[in-house]
Structure formats: structure tokens, C-alpha cells
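User: Please take a close look at one part of this protein, the nonpolar core and the helix that gives the most to it. Set that part in the context of the whole chain.

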Amino acid sequence: MALQHDYERKAELKAFDETKTGVKGLVDSGVTEVPPIFLLPTPENLNSEHPDLTLPTIDLQGINDSSIRRKEVVEQVKDASEKWGFFQIVNHGIPISVLEEIIKGMKDFHEQETEMKKKWYTREVSGKTRVVYNSNFDLYTGPVTNWRDTVYVNMVPNPPKPHELPPPCRDILLDYSELMMKLGVCLFELMSEALGLECNHLLDMGCADGLAVQGHYYPCCPQPELTIGSPCHTDNDFITILLQDHIGGLKVLYQNQWTNVPPTPGALIVNVGDFLQEMCHKTGFEIAISS
């Protein structure tokens, strides 16, 4: 029975993948029940929330104008990284209009005409493909299929030419990435100082040598209690800078309690990734491992 079930799952995964339309395609086809490949074996317990916990918010205003102010922010970054592994930032230099436009651009990509979107669908992972659109990067290896489609764009190094980018988000991807690189440099400088190092230390190690932009899309689900958009995980990078839309849904694990992170207009969320955590661990600086 187990072999038969495994065979059926693989066949269903292959059939789903070959449509090249992702979860959005299922919703557009009118499904009223979640297909078996998306069903959670056991529901993830994300309901044990601590209502009194709030993700630290750090205001970056004035960090380049006052040494006193900068030291205050560096201490806040150090404290949030050690205790949470996550923190929220405001006054980070990226206009709200740009944040709204990148959300719209990603939404427009996922909601564009199906045949146009199919052209970007691939499971190419060699790095040669600048734009990767698919549903579940680990579709054939993950324990469960997530109710999520993703477009992934490798922007740095060697930025793609405009014609290599999808039209619905082409212009804003270029503008957003330029601003995000500047913010990333700023954050690595603050983190270096939080480690008691020269401000360029992490930059000199190459922590800001790459930038990828991902746009996750979670279509309306007919049975949301039976599946999940993103499972509990950590990020295998140096840092992730996350932008939520107005719907939200992000939860952070802190002291064995799930903490809801409601969306705040104009705010960005910084997640200290696995690579940076490992690097800091080797220097004797402990950073919280959050999910």
C-alpha cells in the first residue's frame, strides 16, 4: 500500500507540474477541494501564540547623522539579533510607493494571462536562468506541497537586461533591487558594528555580493485549514528582507511561542539567515535561530 501511495503521489506531482500553471491554475479551474498532494499529514500547530510578544522595531532614521544615534541603533540590532533573529525596520530609505509597486508588479506577474506566464515556468536550477517561475522549488522532494507559487529573479551579480525580465514587473524590479542593495549594505554595516567589528567587515567577506528577489503568491484556498502556504523553516542565506502585503500571515517562533507579525505599512522585516548565524557562531556571537 505504501508503494502504491508513493507512486500515486509522484504521478499526481508530475501531472500538476506539467500544467505549468501552479496553484493559481488549480484555483482558476474551479477546484472546490484541496488535492491530496497539498494535504498536511498533521496540521502544524501555529496557534500557540503569545499575544504579549511583539517583534522588535528599529527606526533607522538618523544613523548617518549622529554617532550617538548610530550606537543606539547598533545596540538595538545586536539585541534583536541575539534574542529574536528577526527585527522590523522603519525609515529605511525605500519609499512606500516603491514597496507598493513591487507588490503590484509581483501580483500582476502571477495574475497575467496563463500562456504568457507559462513561458517563464522552469525547474532549471543551474543559475543560468535569470527568472524562475514555478510552484514549490522542492516539489518532488518536499514532505508536502505548499499552497504557493513563486517567481524568483537573480538580480545581483550580473543584473539581467531589461528584456530578460517579465514585463509585468520589469521596471520596478530594477528600481527595487537597486534600493534593496543599498539597504542591504547599510544593514551589514550595522551588523558588523554589532559584532564589534569594523563596519565593512561583513561586506569585505562578500555578504552583499548577491541579491535575489522572490515574489510568493498564495491563491485563495477552498480549504485553508488542510494545507499551508509556507511551512516552518529557516532561510539559507545571510539575511532576508521581507515585505508583506496587507494580508500578512507571517509568524515568528520566539521562546517556543509563535508570534504573529502583522503587516505595517512601509515597514520591512529582517531575518538573520543560516549563513550569517553560522558565521557569527564561529566568532562566539550567538544569534537566535528563528523560524
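Analyst: What follows starts with the whole chain, goes on to the core and its main helix, and then turns to other helices and to the loops.

The model is predicted. The protein has 8 helices and 9 strands. Its radius of gyration is 20 Å, close to the 19 Å that the globule rule gives for 291 residues, so the protein is as compact as a globular protein of that length. Along the principal axes, the C-alpha atoms fill a box of roughly 60 × 45 × 35 Å. Of the 291 residues, 43% count as buried. The accessible surface comes to about 15,900 Å², and carbon and sulfur atoms account for 54% of that surface. Among contacts between residues at least 6 apart in sequence, 73% join residues at least 24 apart.

Now the core itself. The largest nonpolar core has 48 residues, and the members that touch the most other members are Phe87, Ile89, Leu183 and Met191. Helix H6, residues 170-194, gives the most to this core, with 11 residues. A second, separate core has 10 residues, among them Phe16, Val23, Leu26 and Cys221.

Two residues show what the core helix touches. Not counting residues up to four places away in sequence, Met191 touches Val77, Phe87, Leu202, Ile239, Val270, Val272 and Leu276. Phe188 is placed in helix H6. Phe188 counts as buried because its relative accessibility is 4%, where the cut-off for buried is under 20%. With its neighbours within four places in sequence left aside, Phe188 is in contact with Cys199, Leu202, Leu203, Cys207, Ala208, Phe238, Ile239 and Leu276. Leu202, Ile239 and Leu276 appear in the list for Met191 and also in the list for Phe188. By way of distance, Phe188 and Trp147 are 41 residues apart in sequence, and their C-alpha atoms are 33 Å apart in space.

Strand S2 comes next. Gln88 is placed in S2, which covers residues 86-90. Gln88 has 9% relative accessibility and therefore counts as buried. Apart from its neighbours within four places in sequence, Gln88 is in contact with Leu55, Pro56, Thr57, Ile58, Val261, Pro262, Thr264, Ala267, Leu268 and Ile269.

Helix H4 can be checked for its length and its buried face. At 1.5 Å a residue, the 15 residues of H4, 96-110, should span 21 Å, and its end C-alpha atoms are 22 Å apart, which agrees. The buried residues in H4 are Val98, Leu99, Ile102, Gly105, Met106, Phe109 and His110. Seen down the axis of H4, these buried residues fall within an arc of 130 degrees, so they line one face of the helix. An α-helix has 3.6 residues a turn, so residues three or four places apart point the same way.

Helix H2, residues 22-29, has Gly22, Val23, Lys24, Gly25 and Leu26 as its buried residues. Val23 and Leu26 are also among the residues of the second core. Just after H2, Gly30 takes a positive phi of about 95 degrees. Pro35 lies in the loop between H2 and strand S1, 57-59. Leaving aside neighbours within four places in sequence, Pro35 is in contact with Leu26 and Trp147. Pro35 and Thr129 are 94 residues apart in sequence, with a C-alpha to C-alpha distance of 30 Å.

The backbone has some further points to note in the loops. Most residues other than glycine have a negative phi, and most peptide bonds are trans. Asn136, in the loop between strand S3 (131-134) and S4, is not a glycine yet has a positive phi of about 65 degrees. Asn136 counts as buried because its relative accessibility is 1%. Asn158 is found in the loop between S4 and H6, and it too has a positive phi, of about 55 degrees, although it is not a glycine. Asn158 has 56% relative accessibility and so counts as exposed. Pro157 is placed in the loop between strand S4 (149-156) and H6. The peptide bond from Val156 to Pro157 is cis, with omega near 0 degrees.

Note on methods: Residues are numbered from 1 along each chain as its sequence is written. This is a predicted model: local features need pLDDT of at least 70, side-chain atom pairs count only at pLDDT 80 or more; totals for chains, interfaces and linings use all residues. Side-chain values use heavy atoms; hydrogens and water are left out. Helices (H or I, at least four residues) and strands (E, at least two) are DSSP runs, numbered from the N terminus. The expected span of a helix is 1.5 Å times one less than its number of residues. Buried means under 20% relative accessible area, exposed over 50%, partly exposed in between (1.4 Å probe, protein chains only). The arc is that of the directions from the helix axis to the C-beta atoms. The radius of gyration is taken over C-alpha atoms; the globule rule is 2.2 Å times the number of residues to the power 0.38. Contact means heavy atoms within 4.5 Å. Accessible areas come from the Shrake-Rupley method with a 1.4 Å probe; for residues, only the protein chains shown count as cover. A nonpolar core is a set of buried Ala, Val, Leu, Ile, Met, Phe, Trp, Tyr and Cys residues joined through side-chain atoms within 4.5 Å.
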